[in-house]
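Subject: Structure for you to look at

Hello,

Here is the structure I promised to pass on. Please open it and keep it beside you while you read my notes.

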Amino acid sequence: DLAKEDGSIETLHLESGVTISADLYIDCSGFGAFLIEQAMKTGYEDWSHYLVCDTAVAVQSELVGDPIARTVAHAQKAGWQWQIPLQNRMGNGIVFSSQFINKDEAISTMLSNIDGKIIQEPRSFSFTPGRRKKAWNKNCVAVGLASGFLEPLESTSIALVETAVEKIASFLEKPEYGQEETDKFNYAMGQEYERVRDFIILHYKLNGRTDSSMWQHCRDLKIPQTLADKMTAFKTEGKLSRLPWEIFGNDSWLAIFYGLHYMPTTYDNRIDKFSTEVL
């Protein structure tokens, strides 16, 4: 039930028949977002115009040979495929854009690149990249998938859960909260999601593939201004500035810039004042 005065959550009625009343509710209901969206109609910021992959399919297979100590990601013509070696099996999956390939073809592509015997039937889910317009709305805080989702190219979902919990704890050091705490949390989480979004977009924007329309589409995308500014600063002066609430460090940005052959055309001339021994 929502309060008539301000639309905050007043009580929860569970399937067991139990009714719960609390000062603050944490919505961890996943994509369903039962409290923050279904009940409170908070709204969602859709980023599918930046991140075109919107479907994932996962399947387990038998392990062939000794497992390697790393996850492997391979680009495919309309997305990318992962392999995660475990001690007793291999985790496989493909993330793709339904604009450029249908699910049956994507699954066929994934299965053709798996060596071991399939253990179970492939499982799929669709998603809309983006975030909740307010992760903290009145007396409800969304955490995890209820707050938003960015495609798993950099596997950031767990990290975003951890940082959300950390922020909730830090903003609730006192036994009460108000609009100031709510606004600070929403700003920090919004910035954090946008920083991750920009980093993932960079992988697609700088791709050099010419074998499919999806990758060409990604190269031609109009990107967020925050990412455009970061790319320009690096291209013109080799400059990287870590922004507030940014999960990925300069080493991660350099790995993508250099790995995808996006190199500076010049450098900050203040470097000329230093000797080569110092550098």
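**What I found**

Helix 4 gives the largest share of the lining of the largest cavity, namely four residues. Please remember that this is a predicted model.

**The cavities**

The whole structure was searched for cavities of 30 Å³ or more, and two turned up. The largest cavity holds about 40 Å³ of space. Its lining consists of Arg131, Arg132, Ala135, Ser147, Asn186, Met189, Gly190 and Tyr193. Besides helix 4, strand 10 (130-132) supplies at least two of these residues. By class, the lining has three nonpolar, three polar and two charged residues.

The second largest cavity has a volume of about 30 Å³. Arg195, Asp198, Thr226, Lys230, Leu243, Glu246 and Trp253 line this second cavity. Helix 4 appears here too, and both helix 4 and helix 6 (225-237) supply at least two residues. This lining divides into two nonpolar, one polar and four charged residues.

**A residue in helix 4**

Look at glutamate 192, which lies in helix 4. Is glutamate 192 buried or exposed? Buried means under 20% relative accessible area. Glutamate 192 has 5% relative accessibility, so it counts as buried. Its side chain makes a polar contact of 3.0 Å with the side chain of lysine 167. Leaving aside residues up to four places away in sequence, glutamate 192 touches Leu160, Thr163, Lys167, Trp245 and Ile247.

**The pockets**

Next, the pockets. The largest pocket has about 460 Å³ of space. Its lining has 20 residues, and those nearest its centre are Trp80, Trp82, Ile84, Pro152 and Ser155. Strand 5, strand 7, strand 9 (123-126) and helix 3 (157-171) are the elements that give two or more residues to this lining. By class, there are 13 nonpolar, five polar and two charged residues.

The second largest pocket has a volume of about 340 Å³. It is lined by 15 residues, with Ala75, Leu153, His203, Trp215 and Leu260 closest to its centre. At least two lining residues come from each of strand 6 (72-76), helix 4 and helix 7 (250-259). The classes here are nine nonpolar, five polar and one charged.

**Strand 8 and its partners**

Now find strand 8. Why is strand 8 largely enclosed by the rest of the structure? Seven of the seven residues of strand 8 (residues 90-96) are buried, so the rest of the structure largely encloses it. In a regular strand, side chains alternate between the two faces of the sheet. Both faces of strand 8 are covered. On one side Met90, Asn92, Ile94 and Phe96 are buried, and on the other Gly91, Gly93 and Val95 are buried.

Strand 5 (residues 55-61) runs antiparallel to strand 8, and seven bridges join them. Valine 59 stands opposite asparagine 92. Strand 7 (residues 79-85) is also antiparallel to strand 8, again with seven bridges. Here isoleucine 84 stands opposite glycine 91. Strand 7 leads to strand 8 by a hairpin of four residues.

**An open sheet**

One more sheet to find. Which three strands form an open sheet with mixed pairing? The order is 3-12-11. Strand 3 (25-27) and strand 11 (136-137) are the edge strands, and each pairs on one side only. Strand 3 runs parallel to strand 12 (residues 140-142), and three bridges join the two. One of the partners to look for is alanine 142 in strand 12, which bridges to aspartate 27.

Best wishes

Methods:
Residues are numbered from 1 along each chain as its sequence is written. This is a predicted model: local features need pLDDT of at least 70, side-chain atom pairs count only at pLDDT 80 or more; totals for chains, interfaces and linings use all residues. Side-chain values use heavy atoms; hydrogens and water are left out. Two strands pair if DSSP finds at least two bridges between them. Buried means under 20% relative accessible area, exposed over 50%, partly exposed in between (1.4 Å probe, protein chains only). On a 1 Å grid over the protein atoms alone, a cavity is a set of points where a 1.4 Å probe fits but cannot get out, and a pocket is an open set with protein on both sides within 12 Å along at least five of seven lines; lining residues have an atom within 4 Å of a point. Grid points are joined across faces, edges and corners, and a volume is the space filled by probe spheres set on the points. Ala, Val, Leu, Ile, Met, Phe, Trp, Tyr, Cys and Pro count as nonpolar, Asp, Glu, Lys and Arg as charged, and the others, Gly among them, as polar. A polar contact is a pair of N or O atoms within 3.5 Å; within protein, one must be able to donate a hydrogen and the other to accept it, and residues adjacent in sequence count only if both atoms are side-chain atoms. Contact means heavy atoms within 4.5 Å.
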